[in-house]
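Dear colleague,

I am passing this structure on to you, and below it I have written out what turned up when I went through it. Please have it open beside the text while you read.

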Amino acid sequence: MQREEKQLELSLEALISQVADLKNSLVSFIYKLENEYDRLTWPSVLDSFALLSGQLSTLNKVLKHEKTPLMRNQVIIPLVLSPDRDEEIMRQTEGRVPVFSHEVVPDHLRTKPDPEVEEQEKQLITDATRISSDVAQKQIQSLNKLCSNLLEKISKEERESESGGLRQNKQTFNPADTNALVAAVAFGKGLSNRRPPGSGGPVQASQPGAGAIIAGASGIQQVQMSGASSQQQPMLGGVQMSQAGQPGKIPSGIKTNIKSASMHPYQR
C-alpha cells in the first residue's frame, strides 16, 4: 500500500510539473496574441504551436507510462465544502476559484461526462458493434468517395478562383503609351507645329517654293501650246481633237486653258 501511494505521489508530481509547463506556454502565447499582435510573425506562431504540441505529447507519454497508475481508478472526495471565500484555493487556482462550495464541486471534480452524453456514447458503441465488417467496409468506401469528390470540387474552385484572379490582374495596356497619348491630347506634347498640305489654312512661309507659287499664280493667263498647225481645233477636256479626215493621227498640238488663280492654289 505504501509503495502504491509513493508511486502515485511521484506520478502526480510529474503530471503537475508537465501541466505547469504547458500552462506557462499557453499564458505566454496568449499574451503575445493579445499584446504583440502587431509585431507577431507567422514563424513565431508556428514555433509556439510546436512547443505546445511537444508538451502535450510529453504529458500523454507520462500518462501512458507503465509506472503511472491509472488515474481513472482513483476517487477524489471533497472533505470540506464552504460557501466562504478561501484564500488558499484562490492562490492555487490563481484567482479562478474563489470558493469551494457545492455549486462548483460537481464541475471541477467531475471525471465523467454528463449522463446524457454518456448515454449517447454508449448507444453509438452499441450501434457500431452491430454492423458487420462488410457493411462497415462499404460505408468506409462510400465515405472516402464522398470525401474525394468534395476535395476535388474544392480544388477545382480554388483553381478557377486563382485563374480568375490572374485574368483580372493581367495588364491589357501599356502605361507609357497611355500617358503619352493623354499628354498629347491635353497639352500637345510631342506634336509638330507644321500643318499638312491642303489643311485650308495659310501656308507657312518656311515651306520651300510656297512664295514663288503664290506670286506667280496671279500672273498666269491663257497659255496656248501650238504645233505645226495654227488653226483652231475643237477641244474636249482641254485636249485638241484630231483633224477631220485624219483618223488615228496624233494631234498636232495641245491647247490648255488656265484661268487666273484668284483662289489659293492649294484649295480645291
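A place to begin is the loop between α3 (87–92) and β2 (99–100), where Glu 94 is found. Please keep in mind throughout that this is a predicted model. Glu 94 has a phi near 55°, which is a positive value in a residue other than glycine. As background, most residues other than glycine have a negative phi.

The loop between α3 and β2 also holds Pro 98, which is partly exposed, with a relative accessible area of 33%. Pro 98 and Asp 86 are separated by 12 residues in sequence, and their C-alpha atoms lie 6.1 Å apart in space. If neighbours within four places in sequence are left aside, Pro 98 is in contact with Asp 84, Arg 85, Asp 86 and Met 90.

Stepping back to the whole protein, you will find 8 helices and 6 strands, and along the sequence they follow the pattern α-α-β-α-β-α-α-α-α-α-β-β-β-β. Of its 268 residues, 11% count as buried, and the protein exposes about 23,100 Å², of which carbon and sulfur atoms supply 56%. Among the contacts with a separation of 6 or more, 49% are accounted for by residues 24 or more positions apart.

The next item concerns aromatic rings, for which a search of the whole structure finds 1 pair. It is made by Phe 29 and Phe 49, which meet edge-to-face, with 5.2 Å from centre to centre and 65° between the planes. Because Phe 29 lies in helix α1 (residues 2–35) and Phe 49 in helix α2 (residues 42–64), the pair ties together parts that are 20 residues apart in sequence. As for how covered the two partners are, Phe 29 counts as buried at 10% relative accessibility, whereas Phe 49, at 45%, counts as partly exposed.

Between α1 and α2 there is a loop in which Leu 40 lies, and at 22% relative accessibility Leu 40 counts as partly exposed, because buried would require a value under 20%. Apart from its neighbours within four places in sequence, Leu 40 is in contact with Lys 32, Leu 33 and Val 45.

Further along, Thr 68 sits in the loop between α2 and β1 (82–85). Is Thr 68 buried or exposed? With a relative accessibility of 12%, Thr 68 counts as buried. A polar atom of the Thr 68 side chain lies 2.7 Å from the backbone oxygen of Val 62, and Val 62 is also one of the residues that Thr 68 touches once those up to four places away in sequence are not counted, the others being Gln 7, Ser 11 and Leu 63.

Finally, there is the matter of empty space, where the largest pocket holds about 860 Å³. Of the 22 residues that line the largest pocket, Leu 12, Ile 16, Val 19, Ile 76 and His 108 are the closest to its centre. The elements that give two or more residues to this lining are α1 and α2, and the largest share, 7 residues, comes from α1.

With best wishes

Technical notes:
Residues numbered from 1 in each chain as written. Predicted model: local features only at pLDDT ≥ 70, side-chain atom pairs only at ≥ 80, totals over all residues. Heavy atoms only, no water. Phe/Tyr/Trp six-rings, centres within 6.5 Å; stacked < 30°, edge-to-face > 60°. Helix = DSSP H or I, 4+ residues; strand = E, 2+ residues; numbered from the N terminus. Buried < 20%, exposed > 50% of the residue type's maximum accessible area, 1.4 Å probe, protein only. Contact = heavy atoms within 4.5 Å. Areas by Shrake-Rupley, 256 points an atom, 1.4 Å probe, with all protein chains shown as cover. Polar contact = N/O pair within 3.5 Å; in protein donor to acceptor, adjacent residues only side chain to side chain. 1 Å grid on protein atoms, 1.4 Å probe; cavity = no way out; pocket = protein on both sides within 12 Å on 5 of 7 lines; lining within 4 Å. Points joined across faces, edges and corners; volume = space filled by probe spheres on them.
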